[in-house]
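Good morning, and thank you for joining this session. I would ask you to keep the sequence and the structure in view while I speak.

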Amino acid sequence: MSAYGHQTEQMYSAHSLSGGSELRRSSFVLESGFYITSFVATILVAALAAAGLLLITLLVSLAMMLQSCQSSHAGIVELRNINDEYNYCKVYSLHAKLNNLEGHNFPNLCKDLAIGYIKGGQYARDLDSTKSLMDDYFNSVRPSDDDDLDVVLIDIDGIVSPNLYSPTLLQSIDNCIIEAKNLKHMFVLRLYSKLQAGGWSIILLSREYVKHQNVTINHLLSAGFRGWSSLMMRDDADSSKGNEFFSRQRNVIKTKGFRIKSVISSEMDALSVDDRGMRVFLLPDPIFDKFELQTRT
C-alpha cells in the first residue's frame with residue numbers, strides 16, 4: 001500500500017473514532033430537579049395537611065368571634081332599647097298617677113312592659129326593697145306610750161280590691177296580674193300585722209262612697225284585715241278629687257287630736273302632704289290596674 005493510501009486510512013479511522021465519541025456524548029442529557037424518598041414525601045404531605053387544618057380552624061374561629069361580637073352588639077342595642085322603653089313608661093306612669101289618667105290613655109308598649117315587669121319578678125323585688133325602707137323607719141320610731149294618738153294611715157284602694165277574686169277579673173286579665181295583686185295584698189297584710197304588733201293605731205281610708213261601707217268591711221275581713229281604729233270613706237254627695245278628699249280627711253283626723261306619723265298608699269293623690277314630720281310611702285305599682293280597661297292584643 002502506498003504512503004498516500006495509508007495516510008488516508010488513518011484519517012478515516014480517526015474521523016470514525018471522533019464521530020462515535022460525539023454520538024455517545026449526545027445520548028447522555030442531564031435534567032434539572034431533586035430526588036426525595038417516600039418517607040420524606042409522606043412527612044411533607046402530612047405537614048401540608050396540618051397547615052391546611054390549622055388554617056381552616058383559624059378561619060372558623062375568626063368567623064365565630066365575629067358572630068359573637070355581632071350578637072353581643074345586638075344584645076347591647078336591644079338592652080338599651082328595653083331600658084329606654086322602660087324609662088319612658090316609668091315616666092308615663094308617674095305622669096298618669098299625677099293626672100289620674102285612665103287605662104285607654106296608656107300605650108300598648110307600656111302595657112307589655114308592665115306584664116314583663118311582673119313576670120320577670122322585678123315587681124316582687126321592688127316590694128321587698130320598699131319593705132326594707134319601711135322597716136328601717138318603723139324600727140326607729142315608736143308610738144307614744146302616754147296615749148294612743150299616734151296613727152298610721154293606709155289607703156286601701158288598689159290594695160284590697162272588691163273584685164280581687166271575681167270571675168270577671170280572672171277572665172279579663174292575665175294570671176300574672178292576679179299574682180301581682182296577691183303579692184301586694186300579702187305585703188300590706190304583713191305590714192298591717194307588724195304595725196299592730198308594734199302598738200300603732202291604724203286608720204284605713206278609701207275613695208269609695210260610704211254607701212259601700214258594709215261591702216268594703218266584708219272584703220277587708222275576708223282579706224285578713226281586722227282591728228283597725230277607723231275606716232274613713234267618701235260621703236255620697238262628695239265629688240271632690242282624690243287629693244282634696246285625702247287632705248280633708250287628714251285635717252279631720254288632726255282636729256280629733258291624732259298625730260299622723262305615716263301615710264301608705266299606691267296612689268300619688270294620697271301622699272300630697274306638707275307636714276315634714278309625716279313619712280309617706282309609695283307602694284310599687286306595675287300600673288296593671290290602668291290596663292284592666294284594655295284588651296290585650
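Let me begin with contacts along the chain: among those in the protein with a separation of 6 or more, 71% are made by residues 24 or more positions apart. I should state at once that this is a predicted model.

The overall composition comes next. The protein has nine helices and five strands, and along the sequence these elements follow the pattern α-α-α-α-β-α-α-β-α-β-α-β-β-α. The protein has 297 residues, of which 32% count as buried. Its accessible surface comes to about 19100 Å², and carbon and sulfur atoms account for 58% of that area.

I turn now to the interior. The largest nonpolar core has 33 residues, and the members that touch the most other members are Met134, Phe138, Ile154, Leu195, Leu204, Phe225 and Ile264. Which elements each supply at least two residues of this core? They are helix 3 (108–119), helix 4 (122–140), strand 1 (150–155), helix 6 (175–197), strand 2 (201–209) and strand 3 (230–234). Helix 6 gives the largest share, with nine residues. Apart from this core lies another one, of 13 residues, which includes Leu153, Ile253, Ile260 and Met278.

Met134 deserves a closer look. Leaving out residues up to four places away in sequence, Met134 touches Phe187, Leu191, Ile264, Phe281 and Leu283.

Phe281 and Leu283 appear again around a polar residue, Ser265. Ser265 belongs to strand 4, which covers residues 259–265. Is Ser265 buried or exposed? Its relative accessibility is 0%, and Ser265 therefore counts as buried. Beyond four places in sequence, Ser265 is in contact with Asp155, Arg207, Ala270, Leu271, Phe281, Leu282 and Leu283. What does the side chain of Ser265 reach? At 2.9 Å from that side chain is the backbone nitrogen of Glu267.

Glu267 leads us to Lys97, a residue of helix 2. The two are 170 residues apart along the chain, yet 6.6 Å separates their C-alpha atoms. Glu267 is also among the contacts of Lys97, together with Ser266, Met268 and Asp285, when neighbours within four places in sequence are left aside. Why does Lys97, a lysine, count as buried? The reason is its relative accessibility of 8%, because buried means under 20%.

A second serine may be set beside Ser265. Ser201 is located in strand 2. Ser201 counts as buried because its relative accessibility is 13%. Outside four places in sequence, Ser201 touches Asp148, Asp150, Val151, Val152 and Ser229.

Finally, I come to the surface. Which residues make the nonpolar surface patch of about 500 Å²? They are Leu55, Leu58, Leu59, Leu62 and Met65. One of them, Leu62, lies in helix 2, which runs over residues 38–99. Leu62 has a relative accessibility of 46% and so counts as partly exposed. Helix 2 thus offers two residues to compare on screen: Leu62, partly exposed, and Lys97, buried.

To close, I would leave you with three places to inspect. One is the core of 33 residues, to which helix 6 gives nine. Another is the pair Lys97 and Glu267, with C-alpha atoms 6.6 Å apart. The last is the nonpolar surface patch that includes Leu62. Thank you for your attention.

Note on methods: Residues numbered from 1 in each chain as written. Predicted model: local features only at pLDDT ≥ 70, side-chain atom pairs only at ≥ 80, totals over all residues. Heavy atoms only, no water. Helix = DSSP H or I, 4+ residues; strand = E, 2+ residues; numbered from the N terminus. Buried < 20%, exposed > 50% of the residue type's maximum accessible area, 1.4 Å probe, protein only. Polar contact = N/O pair within 3.5 Å; in protein donor to acceptor, adjacent residues only side chain to side chain. Contact = heavy atoms within 4.5 Å. Core = buried A, V, L, I, M, F, W, Y, C linked by side-chain atoms within 4.5 Å. Patch = residues over 30% accessible without salt bridge, like charges linked within 9 Å, V, L, I, M, F, W, Y side chains within 5 Å. Areas by Shrake-Rupley, 256 points an atom, 1.4 Å probe, with all protein chains shown as cover. Salt bridge = Lys/Arg side-chain N within 4 Å of Asp/Glu carboxyl O.
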